[in-house]
Amino acid sequence: MSTNTYARIGKLLVKLETGKTCVAEYETALFLCAVQHLQYEKTHQYAYVSDFQGYGGMLSDPQIMTSPELLKLIYGDEVDGDEAASRLRKNTLFGDGNVEVGFKKFALKHQCNHFCTWMDLAPFDVTDSLDE
Ligand SMILES: [Zn+2]
């Protein structure tokens with residue numbers, strides 16, 4: 001009987017198996033967390049890729065998460081989120097999985113790791129996020 005255990009790293013839930021697989025998958029999860037941080041910074045805090053899932057080195061079914069501010073840039077100030085975009089018959093971005101609250105909590109929930117340091121990424125100042 002298999003007794004898998006899981007570890008949560010930020011929003012990632014990683015299945016831990018025995019031996020080297022455990023270490024390798026844990027390091028992969030940490031790397032993907034750092035990649036999200038990198039994407040968030042390189043898009044000027046407008047987007048990152050989430051919901052990584054897969055097995056054996058193949059990742060599939062990612063979700064692109066975007067700031068509601070991105071819709072304002074595209075359509076103007078009257079479109080401040082998916083609801084306003086739908087009401088005004090404008091296209092939304094990246095489907096139902098692009099959840100506004102998930103995006104807003106990214107900086108608060110992200111835990112920097114050694115890959116973030118290696119990529120020269122600074123930890124987030126979440127003082128502003130705590131006020132919301
Ligand atoms: Zn980080």
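**Notebook: burial, cores and strand β3**

I started at Phe 103, which counts as buried because 21 C-beta neighbours lie inside 10 Å, and the cut-off for buried is 20 or more. The model I am reading is a predicted one. I placed Phe 103 in helix α4. I then listed its contacts, leaving out residues up to four places away in sequence, and found Met 65, Thr 66 and Ser 67. For the pair Phe 103 and Thr 66 I noted a C-alpha separation of 6.5 Å, with their positions 37 residues apart along the chain.

**Entry: confidence**

I looked up the confidence before going on. The chain has a mean pLDDT of 82, and 79% of its residues reach 70 or more. By element, I found the highest mean, 96, in helix α6 (residues 114-118) and the lowest, 59, in helix α7 (residues 127-130).

**Entry: layout of the chain**

I counted seven helices and six strands. In sequence order I wrote the pattern down as β-β-α-β-β-β-β-α-α-α-α-α-α. The chain has 132 residues, and buried ones make up 15% of them. I also took the contacts between residues at least 6 apart in sequence; 33% of these join residues at least 24 apart.

**Entry: nonpolar cores**

Which residues make up the largest nonpolar core? I found six: Ala 29, Leu 30, Leu 32, Cys 33, Ala 34 and Cys 116. Helix α1 (residues 20-42) gives the most to this core, five residues. Apart from it I found another core, of five residues, including Tyr 48, Met 65, Phe 103 and Phe 106. Phe 103 of this second core is the residue I began with, in contact with Met 65.

Back in the largest core, I checked what Ala 34 touches beyond four places in sequence. The list is Asn 113, Phe 115, Cys 116 and Met 119. Of these contacts, Cys 116 is itself a member of the largest core.

**Entry: strand β3**

I went along β3 side chain by side chain and found that they alternate. Tyr 48 and Ser 50 point to one face and are buried, while Ala 47 and Val 49 point to the other and are not. For pairing, I found β3 and strand β6 (residues 63-66) joined in the antiparallel sense over four bridges. The bridge partner of Ala 47 in β6 is Thr 66.

I took Val 49 in strand β3 (residues 47-50) as a case to follow. Is Val 49 exposed or partly exposed? I counted it as partly exposed, because it has 16 C-beta neighbours inside 10 Å. Its contacts, not counting residues up to four places away in sequence, are Gln 36, Gln 39, Pro 62 and Ile 64. I also noted that the C-alpha atoms of Val 49 and Val 35 are separated by 8.5 Å, with the two residues 14 apart along the chain.

**Entry: positive phi**

Most residues other than glycine have a negative phi, so I looked for exceptions. Asp 51 has a positive phi of about 60° although it is not a glycine. I located Asp 51 in the loop between β3 and β4 (53-55). It counts as partly exposed, because 15 C-beta neighbours lie inside 10 Å.

Arg 89 also has a positive phi, near 60°, and is not a glycine. Arg 89 sits in the loop between α3 (82-87) and α4 (100-104). I noted Arg 89 as exposed because there are 6 other C-beta atoms within 10 Å, and the cut-off for exposed is 12 or fewer.

**Entry: Val 99**

The loop between α3 and α4 also holds Val 99. I counted 14 other C-beta atoms within 10 Å of Val 99, so it is partly exposed. The C-alpha atoms of Val 99 and Thr 66 are 8.2 Å apart, and the residues are 33 apart along the chain. Thr 66 thus turned up in three of my look-ups: as the bridge partner of Ala 47, in the distance to Val 99, and among the contacts of Phe 103.

Conventions:
Residues numbered from 1 in each chain as written. Predicted model: local features only at pLDDT ≥ 70, side-chain atom pairs only at ≥ 80, totals over all residues. Helix = DSSP H or I, 4+ residues; strand = E, 2+ residues; numbered from the N terminus. Contact = placed C-beta atoms within 7 Å. Core = buried A, V, L, I, M, F, W, Y, C linked by C-beta atoms within 7 Å. Pairing = 2+ DSSP bridges. pLDDT = per-residue confidence, 0-100.
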